[in-house]
Amino acid sequence: MSEQTPEWVVAQRRELVGFLEGLSTEQWNAPTLCDGWRVREVIAHITMPYRYSAPRFVVEMVKSRGNFNKMSNRRALADASEVGEQQLLASLRDNVAHPWKPPGGGFEGALSHDVIHGQDIRVALGDDYVVPEDRLTRVLSGLSPKTVKYFGTDLDGARLRADDRDWTYGAGAEVHGAAQDLLLVLCGRMLPPGHLLGDASSRFTAPLPIR
């Protein structure tokens, strides 16, 4: 029997579904903080564990020579053009309680995945959603130097400091702002102007691409 998905994961997914339901086709085609991905590519990526069987996942990994990042990017781009936005939305809606967990990450890892990619979309579209404090705490508690290495983030000489909670990361010139925005910096995202402050904030700030 599959382990029951915690309510804090289910609630995060439900809230993203509610947000996506109000988007126009133009917004589904808008860029996100994920480099090269529009909203539809991000949702294709989020829903991949729900839409792919285990054998298909293995086949796709073989095609990408075992490189998960290459596989996920290739399939997100392909699925975004082959699967309609309403189908992608239905896949997310129908699987809010799906027990998927990233390898070794547990349900906290699943929550992190949903929070980070949800913010990739919301921040890019100018939404002012605030990640509930208890969920953000779970995500921040799971961060480590391994996370930074995975995303390839260059934090050398920079210190991240949250304005809305007692949380810091790194050492050097300061970058401060909301903890949920600093989470995205830690995960290698460039944020739109106005989100970050501090001497080193320009290193992690860039306008969104125009499509």
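**Close-up 1. D114 and R13, a buried pair.** Here's a duo tucked out of sight: D114 and R13 are both buried. In this predicted model, the two side chains form a salt bridge, and their closest N and O atoms sit 2.8 Å apart. The partners come from distant parts of the chain, 101 residues apart. R13 belongs to helix α1 (residues 7-21), while D114 belongs to helix α7 (residues 106-124).

**Close-up 2. R122 and D127, one buried and one partly exposed.** This view shows another salt bridge, where R122 pairs up with D127. The closest N and O atoms here are 2.8 Å apart. How does R122 count, buried or exposed? R122 counts as buried because its relative accessibility is just 6%, under the 20% cut-off. D127 has a relative accessibility of 27%, so D127 counts as partly exposed.

**Close-up 3. D154 meets R203.** The side chains of these two residues, D154 and R203, come together in a salt bridge, at 3.9 Å from N to O. It's another link between distant parts of the chain, with 49 residues separating the partners. Look for D154 in the loop between α9 (145-151) and β1 (158-162), and for R203 in the segment after α10 (179-186). R203 has a relative accessible area of 34%, so R203 is partly exposed.

**Close-up 4. A network of four residues.** Which residues do shared salt-bridge partners join into one network? They are R51, R75, D79 and E82. For the wider picture, the structure holds 20 salt bridges.

Terms used. Residues numbered from 1 in each chain as written. Predicted model: local features only at pLDDT ≥ 70, side-chain atom pairs only at ≥ 80, totals over all residues. Heavy atoms only, no water. Helix = DSSP H or I, 4+ residues; strand = E, 2+ residues; numbered from the N terminus. Buried < 20%, exposed > 50% of the residue type's maximum accessible area, 1.4 Å probe, protein only.
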